[in-house]
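Reader: I should be grateful for a close look at a single part of this structure, namely the place where the ligand sits. Please then set that part in the context of the rest of the chain.

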Amino acid sequence: MKKRVNKFLIVVLMALIGNVSADGGQKENPFTGGSLPDGWTWKRANPEAWRLRDGGLEVKIEPGNMWGSKNDAKNVLLIPIAEDLQESGADLQATFENSPTWRWEQVDLVWYYRDSHMVKIGLELVKGRNSVVMGREENDRTRTIKIIPIEQDRVTVRLRVTAGQVRGYYRLGPEDNWTDVGICEEPRPTGGSDKAKVSIQCYQGDPQNPHWARITELKIDSVTATKAQRDARMRWWREGRFGMFVHWGPVSLKGTEIGWSRGKQVPTEQYDLLYKQFNPTEFDAEEWVGVAKDAGMKYLVLTSKHHDGFCLWPSKYTDYHIGNTPFKRDVMKELSEACRENGIRFCTYHSICDWYHPDYPLGSPGGRTVKPTHNMPRYYQYLKNQTKEIVDNYGPLGIMWFDGEWEKPWTREYGNELYSYLMKIQPNLIINNRVSKGRHGMAGTTKEVHLNSGDYDTPEQQIGGFNRERPWETCMTICRQWAWKPNDQMKSATECIQTLLRTVGGDGNLLFNVGPMPDGRIEPRQVERLKEMGTWLRKYGDGVYATRGGPLKPGKWGASTCRDNKVYLYLMNWRDDGNLLLPGIGRKIISYRILSAGEVLVKQSGDGIEIHLQSSDRDKIATVVELTVDGKAFSIDPAEVADPTI
Ligand code: FHN
């Protein structure tokens with residue numbers, strides 16, 4: 001039965017923690033010295049009841065309570081965690097040993113915001129039995145999540161905090177698997193600037209006969225990548241700035257919109273049989289990649305599967321794929337290889353909703369039809385199987401671009417779990433915010449970033465707002481439809497290039513879409529337009545790649561980017577008198593030059609920066625002026641620019 005443990009067993013925090021590691025975790029024992037690490041503090045300290053000994057910490061369990069509103073327990077140990085851990089998520093564990101005799105006597109590992117806001121998991125005497133207990137408290141309102149009696153006086157407990165959720169586990173021995181205890185939302189105090197801490201708490205001790213619990217192996221790890229690690233993972237993408245989006249499938253035979261025209265312009269039965277005619281014999285992966293390269297694009301995102309469920313690779317999990325068309329060839333294999341050979345990152349777009357697959361509950365846009373025998377858990381496994389199959393067969397990918405997350409069957413839990421699952425398969429993969437449920441519609445920003453996985457925001461058919469904090473990428477069609485449409489209206493070269501400049505000026509990426517034709521070619525006029533973009537970028541694009549947006553925010557006037565001590569001005573509209581007045585930048589302009597033809601005069605004064613240029617010297621798309629300033633341009637405070645045409 002219960003192993004008797006010496007009554008005066010001491011609390012020995014035999015932590016395997018010490019120097020803070022790069023990811024903000026604690027990796028070695030911090031209690032080998034004569035004092036607690038800097039920053040660690042006691043709340044309601046009783047100096048008589050704790051001491052450092054044998055590489056650990058000894059604390060006595062005294063009367064007092066933290067559960068509910070009393071909050072008078074002594075020796076509440078508070079351990080600050082690195083900023084990065086707040087965002088990347090933390091994984092905490094500690095081993096407790098105690099033989100309590102006093103009702104509710106306990107020792108807890110706590111994810112702590114305030115005495116009134118925390119999640120605990122610990123060893124506690126409940127109805128006479130030593131138990132693992134997980135509980136949540138918000139505004140002192142308590143909720144017990146689980147009580148699991150155990151037959152031992154020793155247990156290792158764990159809290160894993162990611163995306164705003166706290167999961168509790170325990171195991172009896174180091175070789176045992178973790179047992180799920182429960183899950184709850186983080187009790188983040190609203191309106192405050194509280195940062196989470198780790199806390200060790202012992203309370204509800206016997207006033208006559210206080211025990212000393214035993215705690216060992218306190219570990220604090222980062223769950224996912226920290227901000228610094230994520231920035232490193234996304235560096236190629238941030239510097240690449242410009243990608244090709246490709247929406248393609250058998251629907252191109254109809255020239256109607258992919259997914260959305262199923263059951264509308266094209267009767268469902270007819271739509272679902274198009275693949276039997278799909279034979280794009282002109283498809284040439286090298287050609288597509290060449291078009292992307294000529295345009296100045298650095299990555300390519302292909303619809304591996306859109307909402308219509310058709311797969312552009314010979315998936316072993318369905319028959320509805322390219323291998324079962326007259327064409328038979330593995331488009332994704334050919335394209336991924338061509339990308340690799342040409343220094344273009346191969347990426348895939350994958351739709352979460354699937355109006356074709358029998359297990360996905362909804363059978364048409366907006367859930368107008370529901371399938372008779374749907375099975376979402378089985379569909380979710382299908383989605384995991386296929387996304388893993390894509391990474392395994394065509395990876396490493398640059399990005400897995402999710403979409404179709406807005407329908408009811410998809411949940412934040414599915415999304416966060418899928419993100420973690422794929423990041424384990426390919427740790428340097430980039431995944432957009434549409435994997436989870438936080439997206440603000442077409443604005444593409446993310447609600448409650450700490451609750452929803454996804455590395456960047458995805459404004460659609462619009463240029464995202466200036467934002468240097470959160471990575472973002474505008475996705476936009478070169479025509480109007482995502483999939484190919486005969487005689488679709490196509491954007492002018494000016495609009496295409498100015499869209500790219502205003503996007504990178506806002507510190508975002510542009511994912512620009514083409515819809516190839518049913519014969520496998522990208523429409524020649526779209527190829528021509530992309531060539532025009534590439535030609536302009538080869539002349540003036542030095543400020544587009546590997547730069548950051550700003551300091552002058554994009555607007556009617558134009559846009560700006562910066563790198564080191566350079567500021568690139570992309571001037572698009574001028575005042576009637578032919579000049580342009582820009583706000584001061586708080587840095588001295590030590591030199592300037594115009595990258596396009598002509599003579600520019602730049603005058604810096606207390607009022608700001610005056611740009612004078614003959615109208616004959618202006619580039620009809622954007623006149624590029626490079627400023628050299630006396631310091632790091634990125635540190636200039638971003639500023640709005642008044643509309644010059646008013
Ligand atoms: O329905 C899709 C649409 O077909 C296209 O794939 C775009 C690209 O971002 N996303 C969805 C519409 O928001």
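Author: What follows begins with the ligand and then turns to the core, the backbone and the chain as a whole.

The model is a predicted one, and its local features are taken up only where pLDDT is at least 70. The ligand is surrounded by 13 residues. His-247, Trp-260, His-307, Asp-403 and Glu-460 are the closest of these. Sorted by class, this shell holds seven nonpolar residues, three polar ones and three charged ones.

Several side chains place polar atoms opposite oxygen atoms of the ligand. For Trp-260, a polar side-chain atom is 2.6 Å from a ligand oxygen. For His-307, the distance from a polar side-chain atom to an oxygen of the ligand is 2.7 Å. In the case of Arg-434, an N or O atom of the side chain lies 3.4 Å from a ligand oxygen. Each of these distances can be read against the cut-off of 3.5 Å for a pair of N or O atoms that counts as a polar contact. As for cover, the ligand on its own has 330 Å² of accessible area, and the protein covers 94% of it.

One of the residues closest to the ligand, Asp-403, also gives a route into the neighbouring secondary structure. Strand E18 spans residues 399-403, and the loop between helix H7 and this strand contains Pro-396. The peptide bond that joins Gly-395 to Pro-396 is cis, with omega at about 0°. Helix H7 itself comprises residues 376-394 and gives eight residues to the largest nonpolar core, the most of any contributor.

That core has 90 residues in total. Phe-242, Met-244, Leu-302, Phe-512, Leu-530, Trp-536 and Tyr-570 have the most contacts inside it. Domain 2 (234-546) and domain 3 (550-635) both supply residues to this core, so the core lies between them. A second cis peptide bond is found from Gly-550 to Pro-551, with omega near 15°. Pro-551 belongs to the loop between strand E24 (548-549) and strand E25 (558-563).

Helix H10, which covers residues 524-540, contains Gly-534. Gly-534 is buried, with a relative accessible area of 0%. From Gly-534 to Val-641 the separation is 107 residues in sequence, and their C-alpha atoms are 28 Å apart in space.

Two further residues deserve attention for their backbone angles. Most residues other than glycine have a negative phi, and most peptide bonds are trans. Gln-461 has a positive phi near 55° although it is not a glycine. Gln-461 is located in the loop between strand E21 (445-446) and strand E22 (473-477), and it is partly exposed, with a relative accessible area of 32%. Asn-75 likewise has a positive phi, of about 50°, and its place is the loop between strand E3 (56-59) and strand E4 (76-80). Asn-75 is buried, at 2% relative accessible area.

Finally, the chain as a whole has ten helices and 31 strands. Its C-alpha trace spans about 90 × 70 × 40 Å along the principal axes. Of its 646 residues, 60% count as buried.

Methods:
Residues numbered from 1 in each chain as written. Predicted model: local features only at pLDDT ≥ 70, side-chain atom pairs only at ≥ 80, totals over all residues. Heavy atoms only, no water. Near = heavy atom within 4 Å. Polar contact = N/O pair within 3.5 Å; in protein donor to acceptor, adjacent residues only side chain to side chain. Areas by Shrake-Rupley, 256 points an atom, 1.4 Å probe, with all protein chains shown as cover. Nonpolar A, V, L, I, M, F, W, Y, C, P; charged D, E, K, R; others polar. Core = buried A, V, L, I, M, F, W, Y, C linked by side-chain atoms within 4.5 Å. Buried < 20%, exposed > 50% of the residue type's maximum accessible area, 1.4 Å probe, protein only. Helix = DSSP H or I, 4+ residues; strand = E, 2+ residues; numbered from the N terminus. Domains from an automatic or database assignment.
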